[in-house]
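Here is a protein model to explore together. Take a look at the sequence and the structure, then read on for a guided tour.

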Amino acid sequence: MPASQPPNTPPTGPSPAIAARTILTGLHEVMASRHNAQAKLNHVVEIIGESLDSEVCSIYLLREGMLELFATRGLNEEAVHVTRLAIGEGLVGTIAKNVEMLNLAEAAAHPDFLYRPETGEERFHSFAGVPIVRKERAVGALTVQHVDPRRYEEVEIEALQTVAMVLSELIANADLIDEQDAFLTNPQLSGQQQLKGLPLVKGLARGFAVFHQPRISIEQVVAEDTEAERQRVYLAFDKMREQIETMTNQAEFGVDGEHAEVLKTYKMFAYDEGWARRINEAIDSGLTAEAAIERVQQRTRMRMRQIDDPLLADRMHDLEDLANRLLRIVSGQIGTAAALGLRQDTILIARNLGPAELLEYDRRRLKGVVMEEGSLTSHVVIVARAMGVPVLGRVHGVRGMMREGDEILLDADQAVANVRPTPVLTEAFEARSLRNRERQAGYAALRDVEPFSRDGERITVMMNAGLRDDIPMLGMTGADGIGLFRTEFQFLVSAALPQRDRQTRLYRDVLDTAGQKPVIFRTVDVGGDKSLPYLRGDENSGDEENPAMGWRALRLALAREGLMKAQARALLEAAGGRTLNVMFPMVSEPWEFDAAKAVFEQQIAFLKDRRKTLPEQIRYGAMLEVPALAEMLDVLAPKLSFLSIGTNDLTQFLFAADRSNPRLAERYDWLSPAILRFMRRVVQSLAPYRVDLTVCGEMGGRRLEALALIGLGIRRLSITPASVGPLKELVRKVDTREISAAMEQWLAEPVTDLRGALIAWAEERGIDWD
């Protein structure tokens with residue numbers, strides 16, 4: 001047996017596999033018989049009772065929202081189909097409600113104990129029961145009782161859990177339960193639910209829930225060949241451990257602190273012999289590989305509910321995630337919902353997403369996203385905003401609050417998602433959607449209107465883009481140009497490094513569509529949470545403690561000489577006979593800008609020797625994202641045609657707040673005096689030079705924040721297409737002299753709540769700031 005295979009060492013005492021195997025052997029015969037379902041259940045309770053030497057064994061099944069006694073050995077036969085308990089009523093109801101087992105030496109001492117005289121159970125003291133689970137929901141309970149007060153041994157409980165899994169398959173095949181009842185009796189999965197979160201991309205969306213990682217449906221519980229199932233688990237463990245080792249070497253998982261702790265726990269569980277042994281023992285009892293993993297996972301869930309220690313509970317959640325990974329591997333269902341295709345208007349449900357994962361979905365069907373994690377400046381949020389997809393993040397436990405196909409009204413403006421909405425809610429939502437569309441129509445009417453302020457200042461309003469489909473928005477919004485074209489999106493959606501001719505075609509198409517309007521191409525910015533699987537090697541696989549400040553963007557591109565040269569040539573050829581605006585990301589010192597420009601100059605010489613048509617003019621710029629560059633602007637500015645402030649990365653570096661860390665999602669404010677003072681200093685530093693200064697981060701697309709930027713003296717903004725109309729409307733209501741004077745006063749003597757002061761200023765002048 002390979003060293004990486006789960007050990008098969010039996011625990012001390014009688015093996016649960018032996019007890020379960022004895023019962024399952026009898027169940028095989030019962031299931032194969034031609035008896036009706038009731039007769040089969042009657043046989044089952046006899047087999048379990050005898051095998052566990054228990055005087056009572058009973059099966060309760062969910063029917064019409066109630067737990068009905070379906071079969072018993074030891075209780076009064078007259079109680080069968082007569083005794084019925086509500087979910088949460090009595091010990092049986094508690095098991096079903098909490099989806100957890102009970103093991104009591106004295107049943108009557110439990111606070112939820114309920115005596116039913118028709119059962120004749122008053123003489124029995126000990127009680128143990130486990131839920132019968134179908135699709136993660138309790139559809140019944142399997143219980144045993146004994147006259148003498150005693151706690152059932154762990155091996156007996158595990159045997160009951162194994163049998164309960166087989167019973168789940170038996171009763172489902174026999175149509176003894178209505179699986180819908182399991183959802184209707186769960187308050188989290190029935191009726192209207194309102195989930196609150198953090199609005200990451202504002203907007204309204206209506207659609208049906210689709211899980212990014214679909215739940216695994218176990219079709220076969222009982223194994224036909226135990227050794228074959230064991231080998232499947234061995235191979236799955238090997239693959240899972242290989243994935244964990246790969247994760248260790250990926251930059252996006254090499255963060256010191258929280259990420260490192262998660263990864264360390266993952267590795268601990270991945271190589272935990274106790275966990276592996278329990279799965280192996282479940283296979284020994286006669287279960288398939290999938291059912292064995294699920295049975296151990298059910299036990300983990302039950303233990304999680306009994307843990308008061310938050311830290312230990314988090315670790316148990318890690319094991320749950322790892323078990324899901326193992327289950328996906330062994331079942332072969334590794335892909336996401338994107339591979340299956342979206343069939344209707346969809347609200348995507350996920351723990352978290354990477355930008356490339358989001359781009360895999362059909363944009364015509366994807367209407368919104370709800371995530372358990374997420375932060376305002378994560379790259380997936382930037383992509384979603386570019387796609388015009390509303391996103392609600394930080395919705396804790398969202399995947400347990402709904403089923404696939406549930407209707408969702410996503411209102412990211414109000415930070416809520418209504419699941420299974422009532423007709424009244426739906427009517428109100430549609431009314432808001434109509435008003436929203438009317439407002440958008442008003443913005444669209446400003447398409448050909450130039451954004452002059454009340455005092456005659458012309459504000460340049462450009463748009464961000466990155467996908468071919470974004471370009472028509474240039475004409476639809478009336479934006480002054482494309483202030484940021486993110487070239488890395490083409491790399492993110494490709495399975496392999498895009499060839500130079502493909503890059504050239506894209507860039508030429510963008511320039512053709514833009515016509516006389518300028519387009520600023522940012523060279524490829526990958527690394528961090530925008531890793532490319534086909535760029536593995538010394539330069540892109542290092543064990544980084546903080547990839548956000550590591551080997552990414554221009555640093556990586558300069559090291560990957562072929563990557564930078566190919567993109568430079570593609571941009572130069574695409575812009576032949578026109579003006580080329582090229583911008584380098586994450587420049588931290590002037591020499592990096594010089595090195596990047598030198599690559600372009602080399603390619604210009606190369607193309608000139610081959611008599612290729614060159615751009616008529618090349619304007620070079622840099623992104624100010626690293627605060628250190630602000631200290632070197634006197635050196636760099638004379639070399640620049642333009643400088644763009646990237647507020648997303650700049651903010652995380654300035655506040656030492658990792659944009660991908662959900663705990664820090666709300667720890668900094670774009671209207672903090674610290675960042676506004678920093679940007680004011682940049683404006684003042686560039687005043688002596690003829691350098692176009694633009695803010696092209698997400699900050700500029702928010703009306704209140706844009707108002708502050710105008711007050712700092714910034715006259716060029718590049719924002720999402722959806723924000724162009726609202727920003728034009730804002731500009732026409734503002735007197736730049738007034739807001740500049742107010743900002744100067746607020747920053748000279750910072751107020752406690754600058755955001756509040758700015759809101760009050762806007763409202764006094766009738767300016768809609770939200």
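## Starting with one residue

Let's begin at a single spot in this predicted model. Glu290 touches Ile218, Glu229, Arg232, Leu327, Val330 and Ser331, if you skip residues up to four places away in sequence. One of those contacts, Glu229, sits 61 residues away along the chain, yet the C-alpha atoms of Glu290 and Glu229 are separated by 8.7 Å.

Where does Glu290 lie? You'll find Glu290 in helix H9, which covers residues 289-305. Is Glu290 buried or exposed? Its relative accessibility is 13%, and buried means under 20%, so Glu290 counts as buried.

## The whole chain

Now zoom out. The protein chain holds 27 helices and 22 strands. Of its 770 residues, 56% count as buried. Take the contacts in the chain with a separation of 6 or more: 68% of them come from residues 24 or more positions apart.

## A sheet of six strands

Strands of a sheet pair through backbone hydrogen bonds, and they can do so in a parallel or an antiparallel way. One open sheet here has six strands in the order E3-E2-E1-E6-E5-E4, and the pairing is antiparallel. Strand E3 (84-86) and strand E4 (102-104) each have a single partner strand, so they stand at the edges with one side lacking a neighbour in the sheet. On average, neighbouring strands of this sheet are turned by 25 degrees against each other, direction ignored.

For a close-up, look at strand E2 (residues 66-73), which is joined to E3 by three bridges, with the two running antiparallel. In this pair, Leu67 stands opposite Leu85 of E3. Helix H3 (residues 90-98) packs on the sheet, and its contacts are strand E1 (56-63), E2, E3, E4, strand E5 (126-134) and strand E6 (137-146). The direction of H3 makes about 35 degrees with that of E5. Helix H4 (residues 154-173) packs on the sheet too, touching E1, E4, E5 and E6, at about 40 degrees to the direction of E5.

## Two helices side by side

H4 has a helix for company as well. Helix H2 (residues 37-51) packs with H4 at an angle of about 175 degrees, and their axes are 12 Å apart. Angles over 145 degrees count as roughly antiparallel, so that is what H2 is to H4.

Which residues meet here? From H2 come Lys40, Leu41, Val44 and Ile48, and from H4 come Leu160, Val163, Leu167, Leu170 and Ile171. Sorted by type, the residues of this contact are eight nonpolar, no polar and one charged.

## A sheet of eight strands

Another open sheet has eight strands, ordered E7-E14-E13-E9-E10-E11-E12-E8, and its pairing is mixed. Strand E7 (193-196) and strand E8 (198-201) are the edge strands, each pairing on one side only. From one strand to the next, the twist averages 30 degrees.

Let's walk through part of this sheet. Strand E9 (residues 204-211) and strand E10 (residues 346-350) run parallel, joined by four bridges, and Val210 stands opposite Leu348 in E10. Helix H14 (residues 423-444) packs on the sheet, where it touches E9, strand E13 (407-411) and strand E14 (416-419), and its direction makes about 125 degrees with that of E9. Next, E10 and E11 pair in the parallel sense over five bridges, with Ala350 opposite Met371 in E11. How many residues of strand E11 (residues 366-371) are buried? Five of its six are, so strand E11 is mostly covered. Strand E12 (residues 391-393) also pairs with E11 in the parallel sense, over two bridges, and there Val369 has Val391 as its bridge partner.

## Inside the protein

In soluble globular proteins, nonpolar side chains tend to be buried together. The largest nonpolar core of this model has 91 residues, and the members that touch the most others are Phe584, Phe600, Leu643, Leu676 and Val682. Phe584 has contacts that include Leu554, Met564, Phe593 and Tyr620. Apart from this core lies another of 61 residues, among them Val130, Ala276, Ala289 and Ile293.

Finally, visit Gln503 in helix H17 (residues 500-514). Its relative accessible area is 1%, so Gln503 is buried. Leaving aside neighbours within four places in sequence, Gln503 is in contact with Gln490, Phe491, Pro498, Gln567 and Ala570.

Methods. Residues numbered from 1 in each chain as written. Predicted model: local features only at pLDDT ≥ 70, side-chain atom pairs only at ≥ 80, totals over all residues. Heavy atoms only, no water. Pairing = 2+ DSSP bridges. Axes fitted to C-alpha atoms, helices over the stretch in contact; angles between N-to-C directions. Contact = heavy atoms within 4.5 Å. Parallel < 35°, antiparallel > 145°, perpendicular 65-115°, else oblique. Nonpolar A, V, L, I, M, F, W, Y, C, P; charged D, E, K, R; others polar. Buried < 20%, exposed > 50% of the residue type's maximum accessible area, 1.4 Å probe, protein only. Core = buried A, V, L, I, M, F, W, Y, C linked by side-chain atoms within 4.5 Å.
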